[in-house]
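Me: I would like to go through this structure one question at a time. Please keep the replies short.

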Amino acid sequence: MATQDELKQQVAEAAIAYVKEGIIGVGTGSTANYFIDALAKVKGKIDGAVASSEATAQRLRSHGIPVFDLNSVDSLEIYVDGADEITEHMHMLKGGGGALTREKIVAAVAKKFICICDQTKLVPVLGAFPLPVEVIPMAQSQVARALVKLGGIPKLRDFTTDNGNKILDVTGLKIMDPVALEAQINQLVGVVTNGLFAARPADVLLLATQDGVKTYQR
Ligand SMILES: O=C[C@H](O)[C@H](O)[C@H](O)COP(=O)(O)O
């Protein structure tokens, strides 16, 4: 039986089939790290990558893969990233590694979002994993109070994002309508973004299972 790390590696390697040419968007986290390592083996095919975090940029560069500023790129063919949870509707909950804002920005300019996950990430309803909300530091208390009014229990993470902000991890929310809740939380003054990726769901899910990598299309 494959371990969770082996499954992450298998699904990361399967995503290489979607890498054609040009510049690609690359996510953050342990699954994305396996993807970067696999990408290094075919780096001659691409011009380089746009990174969704400083950690990803560093790993890409360590493999000799050029890293481009997103502002120098009009569009990306693909964005490849993991998720903390994903549903069959391709709605995702992300940000366990704190990179949610840059991930959402890079994903927004990609024509195709390819989500790479091991089988533990596929869930019927989002929300067992705490929902990360990136906040401007001076607003963290008022945003936390607003999140309580929405039924959540926010906890300040001991972490500073690449953007110099803080993260509130929110449990207890009933995520019945991820698109609506994503917009509602983003409306709170002081919120930079939240870890619901529902307005712009994944286009392809590659899911590593004990029976091999399964492909789901939206
Ligand atoms: O901020 C982190 C990202 O949203 C990751 O994509 C997510 O946390 C999944 O990470 P991992 O592949 O390590 O489970």
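What follows is a set of questions and replies on this predicted model.

Me: Into which domains is the protein divided?
Reply: The chain is split by a domain assignment. One domain is made of two stretches, 4–124 and 199–217. The other is one stretch, 131–195. These are domain 1 (4–124 + 199–217) and domain 2 (131–195).

Me: How many residues does each domain give to the contact between them?
Reply: The centres of domain 1 and domain 2, taken over C-alpha atoms, are separated by 24 Å. Both domains supply residues to the contact. Domain 1 gives 14 residues and domain 2 gives 15 residues.

Me: Which element gives the largest share of the side of domain 1 that touches domain 2?
Reply: By class, that side of domain 1 has four nonpolar, six polar and four charged residues. The largest share is four residues. They come from H4.

Me: Is Thr 101 buried or exposed?
Reply: Thr 101 sits in helix H4, residues 100–108. Count its C-beta neighbours inside 10 Å, and you get 22. The cut-off for a buried residue is 20 or more. So Thr 101 counts as buried.

Me: Which residues does Thr 101 touch, leaving out those up to four places away in sequence?
Reply: Distance along the chain is one thing, and distance in space is another. Thr 101 and Val 133 are 32 residues apart along the chain, with their C-alpha atoms separated by 9.2 Å. The residues that Thr 101 touches are Glu 134, Thr 161, Asn 163, Val 192 and Thr 193.

Me: Which residues are closest to the ligand?
Reply: The ligand is surrounded by 17 residues. Helix H2 (30–40) and H4 are the elements that give two or more residues to this shell. The closest residues are Gly 29, Thr 31, Gly 82, Gly 96 and Gly 97.

Me: How many residues of the shell around the ligand are nonpolar, polar and charged?
Reply: Sort the shell by class. The polar class holds 10 residues, and the charged class holds four. The full division is three nonpolar, 10 polar and four charged.

Me: Why does Gly 96 count as buried?
Reply: Gly 96 lies in the loop between strand S5 (92–93) and H4. Beyond its neighbours within four places in sequence, Gly 96 is in contact with Gly 29, Asp 84, Phe 129 and Pro 132. Gly 96 is buried because the number of other C-beta atoms within 10 Å is 20.

Me: How far apart in space are Gly 96 and Thr 28, C-alpha to C-alpha?
Reply: In sequence, Gly 96 and Thr 28 are 68 residues apart. In space, C-alpha to C-alpha, the value is 9.7 Å.

Me: Which strands pair with S6?
Reply: Strand S6 covers residues 110–118, and seven of its nine residues are buried, so S6 is largely enclosed by the rest of the structure. On one pairing, Leu 76 has Ala 110 in S6 as its bridge partner. On another, Ile 114 stands opposite Val 204. Each pairing is parallel and has five bridges, and the partners are S3 (76–81) and S12 (204–209).

Me: Which strands do the buried residues of H6 pack against?
Reply: In helix H6 (178–186), the buried residues are Pro 178, Leu 181, Glu 182 and Ile 185. They span an arc of only 105° around the axis, so they are on the same side of H6. They pack against S7 (131–135), S10 (191–194) and S11 (196–197).

Methods. Residues numbered from 1 in each chain as written. Predicted model: local features only at pLDDT ≥ 70, side-chain atom pairs only at ≥ 80, totals over all residues. Buried ≥ 20, exposed ≤ 12 C-beta atoms within 10 Å, placed from the backbone. Arc of directions from axis to C-beta. Contact = placed C-beta atoms within 7 Å. Pairing = 2+ DSSP bridges. Near = placed C-beta within 6 Å. Nonpolar A, V, L, I, M, F, W, Y, C, P; charged D, E, K, R; others polar. Domains from an automatic or database assignment.
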